[in-house]
Amino acid sequence: MKAYLGIDVGSVSTNLVLIDEQAHIIESYYLRTNGQPILTLQKGMRKMAAKLPMKITVNGAGTTGSGRYLAGIITGADIIKNEITTHAVAASSIVPGTKTVLEIGGQDSKIIILRNGVVSDFAMNTVCAAGTGSFMDQQASRLNMPIEDFGPTALKAKTPVRIAGRCAVFAESDMIHKQQLGYNLPDILAGLCEALVRNYLNNVGKGKEILAPAVFQGGVAANVGMKKAFEKALGLEINIPEHYNVMGALGAAILAREETIKTGISNFKGFSVANAKYHAGGFECTGCPNMCEVVEIYKSKKVIARWGDRCGKWSNSIAQSEKIS
């Protein structure tokens, strides 16, 4: 059986997905990056290799996320794509005809507008819509409740409390104030979900035409209180994919499959890279006023990749066969 690997390296999580020829997920992993993208990627590769079913050949690999270039160089990815493309591809594969993708993760939020299967518009989070997932984690911790109970508790609300959700500082102080006034916890949590949805729509979704079918993905999609708040605000049914937290990696795997079917070859280096020695370095180029910060990746003591220079002076000095979007 042929399979394809997708890798999404982000600041909060590193996700790996293995799909078959029909784009069905065989195996997936969601790992905390913990500020160590290379080590986390290698850990994920080892876990994937250990679970790899017999008689499966990985015929291609794709990467995405803020660490996509890094992961692409290390694994020999056949395609390296931005998160907008991979999330749109994944959503469309799960919900055909998707017109809107709402994506909220630990740190980033984005909205993707698709028309006729093509991305026609998108927006990333502004400062005031960033960190939604992390903020919810912090509030669950402050309330001494598992984050998994956040959504179900919010669904018990009778009358959601109005929470000021324009920024995390105001939202937290307003929550504490409402607790002191004696409001019950379900109403406060439901109010917070509605506040975060209002903030998302007023920042990330501002001016966007949000139509059904709409798909909600990213780690925050696990919170059923947020799903209900979106449905209330938009008047639309919100779809949440089964693998909502690894959709970027799924999209990368699907694109890798399409690429390798088209070219007939793969540059994937195999799972042995999980045991190789890598480290990252870099320097500031003083060749011109741009003062570019050049990132270098070393395997043992050899530089195997460079990027970050606008003119290509350093990155072009190392032969690369990867396609970089």
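# A walk through the model, one selection at a time

Start by selecting K110 and E103: both residues are buried. Their side chains meet in a salt bridge, with N and O 3.0 Å apart. Keep in mind as you click around that this is a predicted model.

**Salt bridges**

How many salt bridges are there by the rule used here? The count comes to nine. Side chains of opposite charge can pair when their charged atoms come close.

For another of these pairs, select R68 and E83. They form a salt bridge whose closest N and O atoms are 3.5 Å apart. The pair links distant parts of the chain, since R68 belongs to helix α2 (residues 68-75) and E83 to helix α3 (residues 83-94), with their positions 15 residues apart in the numbering. Is R68 buried or exposed? R68 counts as buried because its relative accessibility is 14%, under the 20% cut-off. E83 is buried too, at 16% relative accessibility.

Now jump to helix α6 and pick K178 and D174. Here the salt bridge has an N to O distance of 3.5 Å. K178 and D174 sit four residues apart in helix α6 (residues 168-180), so about one helical turn separates them. An α-helix has 3.6 residues a turn, so residues three or four places apart point the same way. Both K178 and D174 are buried.

**Next door in α6, then over to α4**

Stay in helix α6 and select Q179. Q179 counts as partly exposed because its relative accessibility is 32%, which falls between the 20% and 50% cut-offs. Add F135 to the selection and draw a C-alpha to C-alpha distance: Q179 and F135 are 18 Å apart in space, and 44 residues apart in sequence.

F135 takes you to helix α4 (residues 132-142), where T132, G133, S134, F135, M136, Q139 and A140 are buried. Colour those residues and look at how they are spread along the helix.

**Backbone oddities**

Follow the chain past α4 and you come to N144, which has a positive phi. The value is about 60°, although N144 is not a glycine. Where does N144 sit? You'll find N144 in the loop between α4 and α5 (150-154). N144 counts as exposed because its relative accessibility is 73%, over the 50% cut-off.

Next, select N116, another residue other than glycine with a positive phi, this one near 55°. N116 is placed in the loop between β7 (109-115) and β8. At 83% relative accessibility, N116 counts as exposed.

For a peptide-bond stop, go to A212 and P213, which are joined by a cis peptide bond with omega about 0°. P213 is in the loop between α7 (185-203) and β9 (214-217). As background for these stops, most residues other than glycine have a negative phi, and most peptide bonds are trans.

**Out on the surface**

Switch on a surface view and select K43, R46, K47 and K51. What kind of patch do these residues form? Together K43, R46, K47 and K51 make a positive surface patch. K43 belongs to helix α1 (residues 37-51). K43 counts as partly exposed because its relative accessibility is 45%.

Then swap charge for grease: V119, F122 and M124 make a nonpolar surface patch of about 240 Å². Zoom in on V119 and you are in strand β8 (residues 118-124). V119 counts as partly exposed, at 33% relative accessibility.

**Last stop: R306**

Finish in strand β13 (residues 302-307), which is the place of R306. Is R306 buried or exposed? R306 is buried, since its relative accessible area is 14%, which is under the 20% cut-off. Show the side chains here: which residue does R306 contact? The partner is E296, and a polar contact of 2.6 Å joins the two side chains.

Definitions and conventions: Residues are numbered from 1 along each chain as its sequence is written. This is a predicted model: local features need pLDDT of at least 70, side-chain atom pairs count only at pLDDT 80 or more; totals for chains, interfaces and linings use all residues. Side-chain values use heavy atoms; hydrogens and water are left out. Helices (H or I, at least four residues) and strands (E, at least two) are DSSP runs, numbered from the N terminus. Buried means under 20% relative accessible area, exposed over 50%, partly exposed in between (1.4 Å probe, protein chains only). A polar contact is a pair of N or O atoms within 3.5 Å; within protein, one must be able to donate a hydrogen and the other to accept it, and residues adjacent in sequence count only if both atoms are side-chain atoms. Patches are made of residues with over 30% relative accessible area and no salt bridge: like charges are joined within 9 Å, nonpolar side chains (Val, Leu, Ile, Met, Phe, Trp, Tyr) within 5 Å. Accessible areas come from the Shrake-Rupley method with a 1.4 Å probe; for residues, only the protein chains shown count as cover. A salt bridge is a side-chain nitrogen of Lys or Arg within 4 Å of a carboxyl oxygen of Asp or Glu. Lys and Arg count as positive and Asp and Glu as negative; His and the chain ends are not counted. The place of a charge is taken as NZ of Lys, CZ of Arg, CG of Asp or CD of Glu.
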